[in-house]
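Welcome! Open your viewer, get comfortable, and follow along one selection at a time.

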Amino acid sequence: MGMIEYLRSMKFRPSKSFVRILCGALPLLGALMVGLWPELDALRNPPIPGDVVFSPQRPDFATTKGVSAANPSSPTRPVVTHTPGRGWSLDWMWETWDQVMSWEKNPWKFERPEFCQHYFDLINSEDPADRARAEELCRLGDGLYRKMLARYPELALPSRDVPAERNGFLKLLELAERFDENGRASNTPGLPAGLNDLVNQETWDSAATREALLKEKPLMDEIRRIGLMPERSIEGIEILRWGHTSARFYKGCADVLLAEARLAAEEGNSAAALESIRAANGIAAHLGEIETPSLLATTVQVLIHLGVQKQAFATIIPSLPPGSVDVAAWKEAVVSPIAGPDEFARILKGEWSVTTRQFLAPMLMDTEDPHYPRDPGDLLDAHAVFFLQASRDHEGRPVSDLHRLPMIQQIESSHLSYESRRMVAELSVGAGAWRKGWERKQSVTSMAHAAFAIMGGEPVPRDPVFGLPYVWDPTTRTLSPPDSPEFKEMDIKPIVLPKP
């Protein structure tokens, strides 16, 4: 019996209001059916999660403006063509649903979980079975990562073969894991209370510092020894152990070494002070000079470098006996080399590698994620093209071009499915801010190089990034940044040079 016959048998008599509602709803229902009709097959036969299929030809680059020495800020741009395929109206439906449900005036406001939430739940779970599943997904994801390296060989970075006993990065990682209650360095472990108080003390207390360092002497010896190790590698270390950098712990290790250096300088022991400073910069090197550094690891490296330079000029060198400073030795220990665009290109490739191995590839192996995207290959391509384009924009450029080179702010995602667009919004967030902070570090370090040049009796050099002259006051022995809008925006503090 049809619906009409059923209503007649029940002597159904619709009211005028019911008829008006029905007539208003029919066009909407019809439009919805027309839109979803091509998607019925997709609903019956959804893509198999983990079965990643790529477009036959990867997105590539077309030169719209040639990058040249005369025009360094005109980068290449990727050509991405896409015709909406199976699933586009489902995307529209889910996107509209999410907009309605997340509307601030909706009394039933609800944020639908994104693709990736299921994977994060596994990682952060205290259930050993969930944790084992996350590790298995990472192992499966490594195969997909290798497939991406074959598709984008320009993003590959050379690996190193460093024995475990000589691997400073591995020893630093094991130290961090030892100080976390769950044995995970990514959980931001902390130093012992005494050293942690030393790092956070507001005023310098030599006696208290000496007492804290002596109490933790075996640990300090270990931190110093690790910092002085010259080799480092990620080869053979599971990505879940090191993909996320514990900024607080590693920065704390460098800070206690700086406290040790200051105390040694006060005691007139220049050699011990230099050793502690080299170890602090060694901690930074273990983070930023592995084969594939992430933007987060590089940022911690930058913070350590800036801390070393600041403390060296403000507290450590001034504490040494007059006339005892070997300028060349201190310059070698304190300041890092000035890095140009090529180094930032390497960092971008490292970030792509880490985010692909730690997040994207394992997520796409997660067959249980209810929000798995319908276009995993296109998602991987968009992510790779973003970092390949940005690295190409920087490669081969001199340091003087650094401030003129572009940084793409977002991954191009207009051609992706709704779930993939939600994902890439997280993967590219803050890219411009990362570059801006790294660029500022080069100017701060350049001024530290200039300070040592003055201490060595050399002429005052210019800033190598902008080509502007520093301001040197020999009476107050104060070196100030160039007087320009760019440096005012960077807010770089002057350096007061110690008396010879």
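Which ring does the charged end of R357 sit over? Select R357 and Y145 to find out: the charged end of R357 lies over the ring of Y145, 5.6 Å from the ring's centre. As you look around, keep in mind that this is a predicted model.

**Next stop: W242**

R357 also leads us onward, as R357 is in contact with W242. Select W242 and show what surrounds it. Leaving aside neighbours within four places in sequence, the contacts of W242 are F169, L173, I234, I237, I290, T292, V354 and R357.

**Into the core**

W242 also belongs to the largest nonpolar core, which has 119 residues. Colour W242, Y250, I277, W330 and L364 brightly, since you may like to find them again: these five touch the most other members of that core. Now select helix 12, residues 247-266. Helix 12 gives this core its largest share, twelve residues.

**A ring pair to admire**

The whole structure holds ten aromatic pairs. For one of them, select F249 and Y250. How do their rings meet, stacked or edge-to-face? They meet edge-to-face, with 5.8 Å from centre to centre and 75° between the planes. Buried means under 20% relative accessible area. F249 therefore counts as buried, at 1% relative accessibility, and Y250 counts as buried because its value is 4%.

**One side of a helix**

Move to helix 5, residues 117-124. Which residues of helix 5 are buried? They are Y119, L122 and I123. These residues cover an arc of only 100° around the axis, so they lie on the same side of helix 5. In an α-helix there are 3.6 residues a turn, so residues three or four places apart point the same way.

To see what covers the buried residues of helix 5, show helix 6 (128-151), helix 11 (239-242) and helix 16 (341-364), which are among the covering elements. Before leaving, pick Y119 again together with F120 and F359: ring pairs link these three into a cluster.

**Last stop: a sheet**

Finally, select strands 3, 4 and 5, which form an open sheet in the order 3-4-5 with antiparallel pairing. Strand 3 (471-473) and strand 5 (495-496) stand at the edges with a single partner strand each, so one side of each has no neighbour in the sheet. Zoom in on strand 4, residues 478-480, which two bridges join to strand 5. Which residue of strand 5 is the bridge partner of L479? Select I495, and you have found that partner.

Terms used. Residues are numbered from 1 along each chain as its sequence is written. This is a predicted model: local features need pLDDT of at least 70, side-chain atom pairs count only at pLDDT 80 or more; totals for chains, interfaces and linings use all residues. Side-chain values use heavy atoms; hydrogens and water are left out. Rings of Phe, Tyr and Trp (its six-membered ring) pair if their centres lie within 6.5 Å; planes under 30 degrees apart count as stacked, over 60 as edge-to-face and the rest as tilted. Buried means under 20% relative accessible area, exposed over 50%, partly exposed in between (1.4 Å probe, protein chains only). A charge sits over a ring if NZ of Lys or CZ of Arg is within 6 Å of the ring centre and within 35 degrees of the ring normal. Helices (H or I, at least four residues) and strands (E, at least two) are DSSP runs, numbered from the N terminus. The arc is that of the directions from the helix axis to the C-beta atoms. Contact means heavy atoms within 4.5 Å. A nonpolar core is a set of buried Ala, Val, Leu, Ile, Met, Phe, Trp, Tyr and Cys residues joined through side-chain atoms within 4.5 Å. Two strands pair if DSSP finds at least two bridges between them.
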